[in-house]
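Visitor: I'm new to reading structures, and I'd like a close look at one part rather than a quick tour of everything. Could you walk me through how a helix packs against its neighbours?

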Amino acid sequence: MSPTVTLTITTGKLSGKQYIFDNRSTCIIGRNDDCNLQIADNIDMKISRYHCLLDINPPEIRIRDLGSLNGTYINGKIIGQRKADLTAEEAKNIVLPEYNLGHKDQVQIGDIIFNIAVKTEVEKNQTPNLHQPPENQKPNFLNIIKNILNLATPDNQNLKVISNYQIIKSLGEGGCGEVFLAQHQKTQKLVALKIMLPAVAATEQGVKMFLREIENSKYLQDPNVVQLLDYGFAENTFFFTMEYCEGGDVWDLMEKLGGSLPVNIAVDIIIQVLDGLEYAHNVEVPYVRLADGRLGKGKGLVHRDLKPNNIFITKIDGKMVVKIGDYGLAKAFDLAGLSGQTFTGTKMGTPVFMPRQQVLDFKHSLPEVDVWASAACLYNMLTGKFPRDFDGDPWSSILNNHPVPIRERDPSIPEKLADVIDLALTEKPQIYFQSAIEFKEALLKAV
């Protein structure tokens, strides 16, 4: 059995109500009707609209107050509260610390009390993370991949997919991995070789869940999606061979051109991104969680971490071709509980390109969150700025700060185009464009 975290309400009209989490999830608690756990109505002013955030990665659970007026209590001790002279608007500028919760801890919000129950199942096949560096020390990804390549032979089934590859150079590094340009010694084919190192020891269940999710990504065969060639797991490290795009990513292109892109180039890039998203959101894949809980064939994959760094450029027959990269990797890594990071530092999405719906329901993000993110990318490409202002706590900023109309950032943006982008960034009561094709058609009419 997998580890679980159970929240049980012990007071009020919801007394006895239980919420059970058996995989990576987040939970916003408050009185607003779009909270994951709405524990009060708008009359109960003891509880803030967005009161606190739970970051759950069973068996771990953390909590952070979001600048509430009356604070959050753990075992009777207050852990977060904005000062009395601060308004809710001003409280967005503060970042309160996170706290670990454990078995039998008690959380009180207003008059509502939660009891925490943590069930831990130690797996027999769980192995230590041999590559995990001491705390606050960054892992040396080059040494890790060199060690793995030295072990890779055609006879080693776990490493067969990367045997005979030679590292040429690093293409970029992130918090939990790095991408290298590699060349196959026999065929001379160039690939992008990516490694991802869990920040916690990978359980057998976590590895299986991650690899199952990634198998879905292999089914993405579209000109506007970076092709995942193969993948594997060994030495507590995940590795992937992917299509190499020699033009780099859009973020690099923006930096080369002074921080933003001309309208024609930016729109062309996003049109191709939307083509890739329309395909990926509707493709048939083998492993999805069905309504009855079983795994079976389903339709569509959501990226959930679309940003200029994940949009790549190549040339085919002299024409710029745009490809969405890392499709599903961040989502699968986080859902499998392998990041070992808190919500603040997680890879489950980059806050500046994330709609509020994704914060409120991270686990069940729908295709429209990618459509919103594509509009946020276009906004960023045209202005060099992000759609909303981030002041203090990033998650509170997402929940409370509306996107700034794009012509307030740059009045030179054509008015018709600006109107479409502003519409695409509408989040309340729902994301305006529910599909990639809707946003694409609106863009084509505006340019």
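Guide: Sure, let's start with a pair of helices. Find H5 and H8: where they cross, the crossing is right-handed. Before we go on, keep in mind that this is a predicted model.

Two packed helices are described by the angle between their axes and the distance between the axes. For H5, which covers residues 263-280, and H8, which covers residues 368-383, the axes come within 10 Å and cross at roughly 165°. An angle over 145° counts as roughly antiparallel, so H5 is roughly antiparallel to H8.

Now zoom in on the residues that touch. On the H5 side you'll find Val 263, Ala 266, Val 267, Ile 269, Ile 270, Val 273, Leu 274 and Leu 277. They meet Asp 370, Ser 374, Cys 377, Leu 378, Met 381 and Leu 382 on H8. Sort the residues of this contact by class and you get twelve nonpolar, one polar and one charged.

Stay on H8, but turn to another partner, helix H11 (residues 415-424). Here the axes are 9 Å apart, and the helices pack at an angle of about 140°. That angle makes H8 oblique to H11. As for the hand, H8 passes H11 in a left-handed crossing. From H8, the contact uses Trp 372, Ala 375, Leu 378, Tyr 379 and Leu 382, while H11 brings Leu 417, Ile 421 and Ala 424. By class, that contact has eight nonpolar residues, with no polar and no charged ones. Keep an eye on Leu 378 and Leu 382 as you rotate the view: they are listed in the contact with H5, and they turn up in the contact with H11 too.

Helices can also pack on sheets, so let's move to an open sheet of five strands. Its order is E12-E13-E14-E16-E15, and the pairing is antiparallel. At the edges sit E12 (165-173) and E15 (228-234), each pairing on one side only. Going from one strand to the next, the twist averages 25°. For a look at one pair inside this sheet, take E13 (residues 177-184) and E14 (residues 190-196), which run antiparallel and are joined by seven bridges. You can spot Glu 178 standing opposite Ile 195 in E14.

Two helices lie across strands of this sheet. One is H2 (residues 141-151), which lies across E12, E13, E14, E15 and E16 (237-242) and runs at about 40° to E13. The other is H3 (residues 204-217), which lies across E14, E15 and E16, and runs at about 170° to E15.

One last thing to check is how far to trust the picture. The chain averages a pLDDT of 86, and 88% of the residues score at least 70. There are weaker stretches, though: over residues 123-129 the pLDDT stays under 50, and the model has 18 contacts beyond four places in sequence for them. Residues 340-349 are also below 50, with 41 contacts in the model beyond near neighbours in sequence. Where pLDDT is low, the predicted coordinates should not be read in detail.

Technical notes:
Residues are numbered from 1 along each chain as its sequence is written. This is a predicted model: local features need pLDDT of at least 70, side-chain atom pairs count only at pLDDT 80 or more; totals for chains, interfaces and linings use all residues. Side-chain values use heavy atoms; hydrogens and water are left out. Axes are lines fitted to C-alpha atoms, for helices over the stretch in contact, and angles run from 0 to 180 degrees between N-to-C directions. Helices (H or I, at least four residues) and strands (E, at least two) are DSSP runs, numbered from the N terminus. Angles under 35 degrees count as roughly parallel, over 145 as roughly antiparallel, 65 to 115 as roughly perpendicular and the rest as oblique. A crossing is left-handed if the near helix is turned anticlockwise from the far one by less than a right angle, and right-handed if clockwise. Contact means heavy atoms within 4.5 Å. Ala, Val, Leu, Ile, Met, Phe, Trp, Tyr, Cys and Pro count as nonpolar, Asp, Glu, Lys and Arg as charged, and the others, Gly among them, as polar. pLDDT is the predictor's confidence in each residue, from 0 to 100. Two strands pair if DSSP finds at least two bridges between them.
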